[in-house]
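Please open the structure in a viewer and keep the selection tool at hand. The tour below proceeds stop by stop, naming what to select and then what is found there.

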Amino acid sequence: MSGRLTTALAHERVREVGRFLVSGGIAYLADLAVFNLLLFSGVGSLTSKVVSSVIAIAIAFLGSRYYTWRDRRSEHPGREYAMFFLLSVIAAGLQLLCLAITHHGLGWTSPLADNLSGNVVGMAIAMVFRFVTFRTLVFPDRSATGA
């Protein structure tokens with residue numbers, strides 16, 4: 001592969017990651033806001049996380065389909081949404097697992113501990129999972145030269 005082609009591909013990957021972070025960041029802010037609104041309203045931490053995750057998944061799908069991977073959309077949005085939703089639920093489960101371990105397993109029950117485990121550690125793990133699976137399974141490169 002030529003140096004120019006390699007550089008161009010690297011720049012495109014950086015732009016792709018940037019778009020993913022923007023659309024995901026918007027979904028993350030919605031997740032964080034809804035989670036804390038519910039948590040401080042007296043709703044349990046796990047229920048708050050489930051509700052906030054469902055809302056964030058819907059926002060993330062729109063951002064992914066129409067912004068991050070707008071050039072990779074298929075003619076089957078129902079399939080895309082189903083795969084996106086399934087993988088998002090798995091990713092949200094990773095976040096929920098982090099929260100459950102610290103809240104119920106370790107007894108760290110403060111709002112700060114809940115936020116750090118679910119919205120920092122859990123989100124970091126889920127973010128890597130989402131990028132890889134969305135890029136390869138939901139919005140794969142459909143071009144003739146795509147690998």
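## First stop: charged pairs along helix H1

Select Glu12, which is partly exposed at a relative accessible area of 31%. This is a predicted model. Add Arg15 to the selection: the two side chains form a salt bridge, with 3.2 Å between the closest N and O atoms. Glu12 and Arg15 are 3 residues apart in helix H1, so about one helical turn separates them. Arg15 is likewise partly exposed, its relative accessible area being 46%. Now include Arg19, since Glu12, Arg15 and Arg19 are linked in a network of salt bridges.

Next, select Arg13 and Glu16, another salt-bridged pair, whose closest N and O atoms are 3.3 Å apart. Both lie in helix H1, 3 residues apart, about one turn of the helix. Is each partner buried or partly exposed? Arg13 is partly exposed, with a relative accessible area of 41%, whereas Glu16 counts as buried at 4% relative accessibility, under the 20% cut-off.

## Second stop: a buried pair between helices

Move to Glu80 and Arg65, whose side chains meet in a salt bridge of 2.5 Å, N to O. Glu80 lies in helix H3 and Arg65 in helix H2, so this pair ties together parts that are 15 residues apart in sequence. Glu80 is buried, with a relative accessible area of 0%, and Arg65 is buried as well, at 6%. A search of the whole structure finds 6 salt bridges.

## Third stop: the whole of helix H1

Colour helix H1 from end to end. How far apart are its end C-alpha atoms? They are 52 Å apart, which agrees with the 54 Å that 37 residues should span at 1.5 Å a residue. Within H1, the buried residues include Phe20, Ala27, Val34 and Leu39. Their cover includes H2, H3 and H4, which may be displayed alongside. Then pick Leu37, also in helix H1; at 58% relative accessibility it counts as exposed. Between the C-alpha atoms of Leu37 and Arg4, 33 residues apart along the chain, the separation is 49 Å.

## Fourth stop: the nonpolar core

Select Phe20, Trp69, Phe84, Phe134, Val138 and Phe139, the residues with the most contacts inside the largest nonpolar core, which has 13 residues. Helices H1 (3-39), H2 (45-68), H3 (77-105) and H4 each supply at least two residues of this core. H2 gives the most, with 4 residues. In soluble globular proteins, nonpolar side chains tend to be buried together.

Centre the view on Phe134. Leaving aside residues up to four places away in sequence, Phe134 touches Phe20, Ser64, Trp69, Phe84, Leu87, Ser88 and Phe139.

## Fifth stop: a nonpolar patch on the surface

Switch to a surface representation and select Leu112, Leu116, Val120, Val121 and Ile125, which make a nonpolar surface patch of about 450 Å². Ile125 belongs to helix H4 (residues 111-138) and is partly exposed, with a relative accessible area of 42%.

## Last stop: the full chain

Finally, show the entire chain, which has 4 helices and 0 strands. Its C-alpha atoms fill a box of roughly 55 × 35 × 20 Å along the principal axes. Of the 147 residues, 37% are buried. The chain exposes about 8200 Å², of which carbon and sulfur atoms supply 73%. Among contacts with a separation of 6 or more, 71% are between residues 24 or more positions apart.

Note on methods
Residues numbered from 1 in each chain as written. Predicted model: local features only at pLDDT ≥ 70, side-chain atom pairs only at ≥ 80, totals over all residues. Heavy atoms only, no water. Patch = residues over 30% accessible without salt bridge, like charges linked within 9 Å, V, L, I, M, F, W, Y side chains within 5 Å. Areas by Shrake-Rupley, 256 points an atom, 1.4 Å probe, with all protein chains shown as cover. Salt bridge = Lys/Arg side-chain N within 4 Å of Asp/Glu carboxyl O. Buried < 20%, exposed > 50% of the residue type's maximum accessible area, 1.4 Å probe, protein only. Core = buried A, V, L, I, M, F, W, Y, C linked by side-chain atoms within 4.5 Å. Contact = heavy atoms within 4.5 Å. Expected span 1.5 Å × (residues − 1).
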